[in-house]
Amino acid sequence: MTDSLAYIHSDAKIGQNVEIEPFAMIHKDVEIGEGTWIGSHAVINSGARIGKNCRIYPGAVISATPQDLKYNNEYTLTVIGDNTTIREYATISRGTEEHWKTVVGSDCLIMAYAHIAHDCRVGNNCIIGNNVQMAGHVHVGEWAIVSALSAVHQFVKIGSHSFVSGASLVRKDVPPFTKAAREPISYAGINSVGLRRRGFSNEKIVEIQNIYRYIYMRGLNNAEALQKIELELPPSNERDVIINFIRNSERGIMKSPFQANGTGESEAQP
């Protein structure tokens, strides 16, 4: 159902059972999947590809022009997966020629006033908290949570199943399955609560804890830690995900709590 006070460009493709509230604006070259709800005063700009059964709340702006001086009006997209909720006044920019699209996965919750900049990749089942400010080219793995008021530096990678505490300044990569906290941001243990909620066994959680002891609790550099992990710990999918993430990190991973607090003592144990 489309309210007569909404603006919908004639070229927009609107699926079945889409509800568009008064004063929403749907521009040309937009596709909206069936069952989606668009709230009043939401603005869906050109290049938006919105999945099925999404909920986009009043004031949200999807597929805005990138805030990047290198952007030269090239044709790019914003892709939103199915069943994703985007709350009030959240903003998501479309991509640039670097990657050609910004992507938010399925079953995500993007809370009010969050900003997801050009060329970001947000995986499935993620939660991006109120007023999170995410610069360009950030990658967020599936099931990750970035808590309210956090600021994420451009090109940072946040691993799957990780948890970033509120009001964090995320300048370094956050490895999978971990918790990130403090200033400067550092390792605060593994995300055991989140892992249990998602069905990880106690044995698997202990395995992940043991891997991160090599990385953060033994005073080894990353190369030494990864070498010992490969030699001394049995192979598993989780082990390989962690190793590959750290080896492919371009900005470097967050520090250990020893390095972060400068005291030689850890404030948290895995």
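Student: Is Ile128 buried or exposed in this model?
Tutor: Happy to start there, keeping in mind that this is a predicted model. Ile128 lies in strand 18, residues 127-128. Buried means under 20% relative accessible area. Because its relative accessibility is 0%, Ile128 counts as buried.

Student: Which residues does Ile128 touch, leaving out those up to four places away in sequence?
Tutor: A contact here means heavy atoms within 4.5 Å. With sequence neighbours up to four places away set aside, the partners of Ile128 are Leu109, Ile110, Met111, Ala114, Val122, Met134 and Val146.

Student: Which residues touch the most other members of the largest nonpolar core?
Tutor: Good one to follow up, since Met134 is among the contacts of Ile128. Met134 also touches Val122, Val140 and Val152, among others. In the largest nonpolar core, which has 66 residues, the ones touching the most other members are Met134 and Ile215.

Student: Which element gives this core its largest share?
Tutor: Strand 8, strand 27, helix 2, helix 3 and helix 4 each supply at least two residues of this core. Domain 1 (7-137) and domain 2 (197-248) each contribute at least three. The largest share, 7 residues, comes from helix 2.

Student: How wide an arc do the buried residues of helix 4 cover around the axis?
Tutor: The buried residues of helix 4 (237-247) are Glu238, Arg239, Ile242, Ile243, Phe245 and Ile246. An α-helix has 3.6 residues a turn, so residues three or four places apart point the same way. The buried residues sit on the same side of helix 4 because they cover an arc of only 165°.

Student: What do those buried residues of helix 4 pack against?
Tutor: Their partners include one strand, at residues 157-158, which is strand 23. The buried residues of helix 4 pack against strand 23, helix 2 and helix 3.

Note on methods
Residues are numbered from 1 along each chain as its sequence is written. This is a predicted model: local features need pLDDT of at least 70, side-chain atom pairs count only at pLDDT 80 or more; totals for chains, interfaces and linings use all residues. Side-chain values use heavy atoms; hydrogens and water are left out. Helices (H or I, at least four residues) and strands (E, at least two) are DSSP runs, numbered from the N terminus. Buried means under 20% relative accessible area, exposed over 50%, partly exposed in between (1.4 Å probe, protein chains only). The arc is that of the directions from the helix axis to the C-beta atoms. A nonpolar core is a set of buried Ala, Val, Leu, Ile, Met, Phe, Trp, Tyr and Cys residues joined through side-chain atoms within 4.5 Å. Domain bounds come from an automatic or database domain assignment.
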